[in-house]
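This report goes through a two-chain model, starting with how far its coordinates can be trusted and moving on to folds, core and interface.

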Amino acid sequence: MTLIRLAVEDDVGAIQKIANEPRSTVSHLGGFVMMEPIKAVVKSGSMLVAVQSDSIVGFSEALPFGKHGLKMSLVAVTPDLRRQKICTSLYVGWGLIASLQGRLYLQDHIISNNPTMPMVLPTLGFSPAVVLRSKVKRHHDLTLWYKSMCPQTSGWVYRVPSTTEYHLEDLERYHENFSQMGQLLSSRGRSEDVRESLIALNSTREYVRRCSLEYERSRVGGSL
Amino acid sequence: MISVSVLQKHSVDDKYVWGKRNGDSYVDWPKFAKAKIDSGLPSIIGALDTETGESAAVGFHYRRTSHSTDIEWWGGDRVDLVACILRAMVWSAILEGRKRVECFHVTEGRPQIDEAFLDAGFKFEGTHKDYTAKLEDVNVYGHVWLQDGIPEPSSNSHTNLVYNDRVKFYHEKNLELYKKDIDLHREDKKGITFATHIASAVGTVCNLPRVSIIRAPGWHGNEKKSVSV
């Protein structure tokens, strides 16, 4: 079973170890990842981890892009466990959080020397929006990938393996962002998007509640 | 005749420019422009049609990275004027040792000047929906002079560029950073390093027809802020 949850301070060491895995990961993440930035990201609630048998096997960082977007950042999975849809599960986790926050889209930025993510992202509903030519130091292009959350494309939830469970909470600050986004959309005359966000919110809340219940049930041996 | 020059403090006071920006009427823009100009680097470039008195302006937004710079539209809706400015911005970026100029141009509440980017040799790189905090879409234009070539000045314009100590300081700093990047420091298939490409591009810009380079140590009475190289 794979559990997806927000990272806590105790996870920082394991996250850093995966990020700096020397065989392949470190070069795609743009170099050695220091511990202090990971701590800061974990503290701000912007890091999800994948856990198997009490061990961290993957992580994904996503930073707020204003109130309206979520910018995907570092993501890595233990080399031995790749191609088991752990990254997919992590990204779907961010999709659920984005819905709870009323965000309109997820954005990812991929350097052209990364062979993996351009194959993963279309399966999750991302499409390339902008190709910034020669944007990074080594003359490589940087592609901005975009996935709309409005209308909610819930189909990607079914790409998550049945052995994955989410333990996410519907936090107060998510509610705040959701209501501010509602006001912003209304002020822009986008009532249809407000309606879609509410539909997404309700279905996501239900999904998150169900996943959390299943998680609690598995933890206490089915006695709930 | 179109006169293109780096905006200086007195230009703002002289109302050489155009009042408030379209779509951003809340901005006290002359005050904002003065603060930006005070940075010591060429910040806003203006173009004036000396016959009609029409004008336009585009500014550098930030220079956080060593290799690229982001620009933003400030005012004016005449495509030919904006195109002249955009060419000047590419030349200015070359003098600073940068390889890319980009603009995330908001499509809403702004004049239709997209054609100016294409005229100046920029390439359309895509559209991003709901990009800004106000949920405005942007069209992204980029210019990479190594791929797209150095733009030629238009026949009816004259441009004054600034190559002061601040610009030279950034040029040197950027070359130092490139040296740490193995791919840029390494010779390409023709045996040329990126530093050589930049030196050659700076030479080309300095020798463009109808382009004057002002080589003042500092500028607009701001010499104390100049940095020696």
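The confidence score pLDDT is the predictor's own confidence in each residue, on a scale from 0 to 100. This is a predicted model, in which local features need pLDDT of at least 70 and side-chain atom pairs count only at pLDDT 80 or more, while totals for chains, interfaces and linings use all residues. Residues are numbered from 1 along each chain as its sequence is written, and chains are lettered from A and ligands numbered from 1 in the order in which they are written.

**Confidence**

The model scores ipTM 0.87 and pTM 0.87. Chain B averages a pLDDT of 82, and 79% of its residues score at least 70. Among the elements of chain B (helices are DSSP runs of H or I with at least four residues, strands are runs of E with at least two, both numbered from the N terminus), β6(B) has the highest mean pLDDT, 97, and helix α1 (residues 9-13) has the lowest, 61. Over residues 14-28 of chain B the pLDDT is below 50, although this stretch has 26 contacts in the model beyond near neighbours in sequence, a contact being a pair of residues whose C-beta atoms, placed from the backbone, lie within 7 Å. Residues 219-229 of chain B also stay under 50, with 24 contacts beyond four places in sequence. Where pLDDT is low, the predicted coordinates should not be read in detail.

**The two chains**

In the table, a residue is buried if 20 or more other C-beta atoms lie within 10 Å of its own, exposed if 12 or fewer, and partly exposed in between, with C-beta atoms placed from the backbone.

| Chain | Secondary structure | Buried residues |
|---|---|---|
| A | seven helices, eight strands | 39% of 224 residues |
| B | eight helices, nine strands | 42% of 229 residues |

Among contacts between residues at least 6 apart in sequence, 68% in chain A join residues at least 24 apart, and for chain B the figure is 71%. The C-alpha atoms of chain A fill a box of roughly 50 × 45 × 30 Å along the principal axes.

**Helix α3(B) and the core**

Helix α3 of chain B, residues 79-95, has 17 residues and reaches 25 Å from its first C-alpha to its last, close to the 24 Å expected at 1.5 Å a residue, where the expected span is 1.5 Å times one less than the number of residues. Because 15 of its 17 residues are buried, α3(B) is largely enclosed by the rest of the structure. Just after α3(B), G97(B) takes a positive phi of about 80 degrees.

The largest nonpolar core (a set of buried Ala, Val, Leu, Ile, Met, Phe, Trp, Tyr and Cys residues joined through C-beta atoms within 7 Å) has 107 residues, and those touching the most other members are W94(A), I45(B), V58(B), I85(B), L86(B) and M89(B). The largest share of this core, 13 residues, comes from α3(B). Not counting residues up to four places away in sequence, I45(B) touches residues including V58(B), I85(B), A88(B) and M89(B).

**Interface**

At the interface, 20 residues of chain B are in contact with 18 residues of chain A. On the side of chain B that touches chain A, β5, β6, β7 and α7 each supply at least two residues, and β6(B) gives the most, with five.

Methods:
Contact = placed C-beta atoms within 7 Å.
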